[in-house]
Amino acid sequence: MLIMISTIFKQIICSIIILFLWSIVYAIKRNIFPNDIVFYESILFSFFLFLILFLFLKSFEIRFKKIISYSILPSFLLVTLFNATVPTILDRSVSITVLGTLKKSESSVGIDHINKSFQQIYVINENAVEIRLKEQIANGNVVQNDFDEYALTRKGEFITDVMLHLTYIYNLNNSYVDQ
């Protein structure tokens, strides 16, 4: 029993180390070769890095090979969770924009100031709508015609239907989907 607990502890430590190393390498990559669609970029980068790690483990005899091998899947899941919560949220979060507005303000501000700041920063300066449309086109949820007009694809209709049902199932605000 003690050996099993020790092994699990080693795998957890290994997974955390892999996450830490991935975070450093991904941060360097983002600063040298950034991509507009952060979530997909991070997932593809993770696949690539974990493939290299897997091939490295297959090709060379190294110490702790068994622990690292058993830690690959949990590490990948941990990195995916990190991708979905940290870089992606920082890249697109309304809450982060609101917090940034409050931090920048020298004193307390009203909701009108926060709304104007949000519209200026998130919608206009950072061109959030166009960026999200590019993401949705890349996903195959949206198409753009020759007149620069946008429409949902069948896949996009399916995805929005699923999201709407999930908002009901989890009792979430559905006004973003059901407009």
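1. In this predicted model, a convenient place to start is Ser46, which, once its neighbours within four places in sequence are set aside, is in contact with Trp22, Phe76, Val79 and Asn83. Ser46 belongs to helix 2, and because its relative accessibility is 0%, Ser46 counts as buried. Two of the helix packings discussed below include Ser46: it is listed in the contact of helix 2 with helix 1 and again in the contact of helix 2 with helix 3.

2. Helix 1 (residues 2–32) and helix 2 (residues 38–59) have axes that come within 11 Å and cross at roughly 125°. The two helices are therefore oblique to each other, and their crossing is right-handed. From helix 1 the contact draws on Ile18, Trp22, Val25, Tyr26, Lys29 and Arg30, while helix 2 supplies Val38, Glu41, Ser42, Phe45, Ser46, Leu49, Phe50 and Leu53. Sorted by class, the residues of this contact comprise nine nonpolar, two polar and three charged.

3. Tyr26 deserves a separate remark within that packing. When residues up to four places away in sequence are not counted, Tyr26 touches Val38, Glu41, Ser42 and Phe45, and also Pro87. Val38, Glu41, Ser42 and Phe45 are listed among the helix 2 residues of the contact with helix 1.

4. For helix 2 and helix 3, the axes come within 10 Å and cross at roughly 175°, and that angle makes helix 2 roughly antiparallel to helix 3. On the helix 2 side the contact is made by Phe39, Ser42, Ile43, Ser46, Phe47, Phe50, Leu53, Phe54, Leu57 and Lys58, and on the helix 3 side by Lys65, Ile68, Ser69, Ile72, Ser75, Phe76, Val79, Thr80, Asn83 and Ala84. By class, this contact holds 12 nonpolar, six polar and two charged residues.

5. The largest nonpolar core should be read together with these packings. That core has 14 residues, and those with the most contacts inside it are Cys14, Trp22, Tyr26, Phe50 and Val79. Helix 1, helix 2 and helix 3 (65–85) are the elements that give two or more residues to it. As general background, nonpolar side chains in soluble globular proteins tend to be buried together.

6. Two residues may merit a check of their backbone geometry. In general, most residues other than glycine have a negative phi. Asn127, by contrast, has a positive phi, near 50°; it is placed in the loop between helix 6 (111–125) and helix 7 (128–139), and with a relative accessible area of 32% it is partly exposed. Asp148 likewise has a positive phi, near 60°; its position is in the loop between strand 1 (142–144) and strand 2 (150–152), and at a relative accessible area of 55% Asp148 is exposed.

7. Around helix 7 and strand 2, two further residues can be described by their surroundings. Asn139 lies in helix 7 and is buried, with a relative accessible area of 16%; neighbours within four places in sequence aside, Asn139 is in contact with Tyr40 and Lys155. Ala151 lies in strand 2 and, at 39% relative accessibility, counts as partly exposed. With its own neighbours within four places in sequence left aside, Ala151 is in contact with Asn141, Val142 and Val143.

8. Finally, some C-alpha separations help to place the C-terminal part of the chain. Ala151 and Lys58, which are 93 residues apart along the chain, have C-alpha atoms separated by 47 Å. Leu172, in the segment after helix 8 (154–169), is exposed, with a relative accessible area of 52%; from C-alpha to C-alpha, Leu172 and Asn31 are 36 Å apart in space and 141 residues apart in sequence. Asp161 is placed in helix 8 and counts as partly exposed at 45% relative accessibility, and its C-alpha atom is separated by 8.4 Å from that of Val177, 16 residues away along the chain.

Notes: Residues numbered from 1 in each chain as written. Predicted model: local features only at pLDDT ≥ 70, side-chain atom pairs only at ≥ 80, totals over all residues. Heavy atoms only, no water. Axes fitted to C-alpha atoms, helices over the stretch in contact; angles between N-to-C directions. Helix = DSSP H or I, 4+ residues; strand = E, 2+ residues; numbered from the N terminus. Parallel < 35°, antiparallel > 145°, perpendicular 65-115°, else oblique. Left-handed = near helix turned anticlockwise from the far one by under 90°. Contact = heavy atoms within 4.5 Å. Nonpolar A, V, L, I, M, F, W, Y, C, P; charged D, E, K, R; others polar. Core = buried A, V, L, I, M, F, W, Y, C linked by side-chain atoms within 4.5 Å. Buried < 20%, exposed > 50% of the residue type's maximum accessible area, 1.4 Å probe, protein only.
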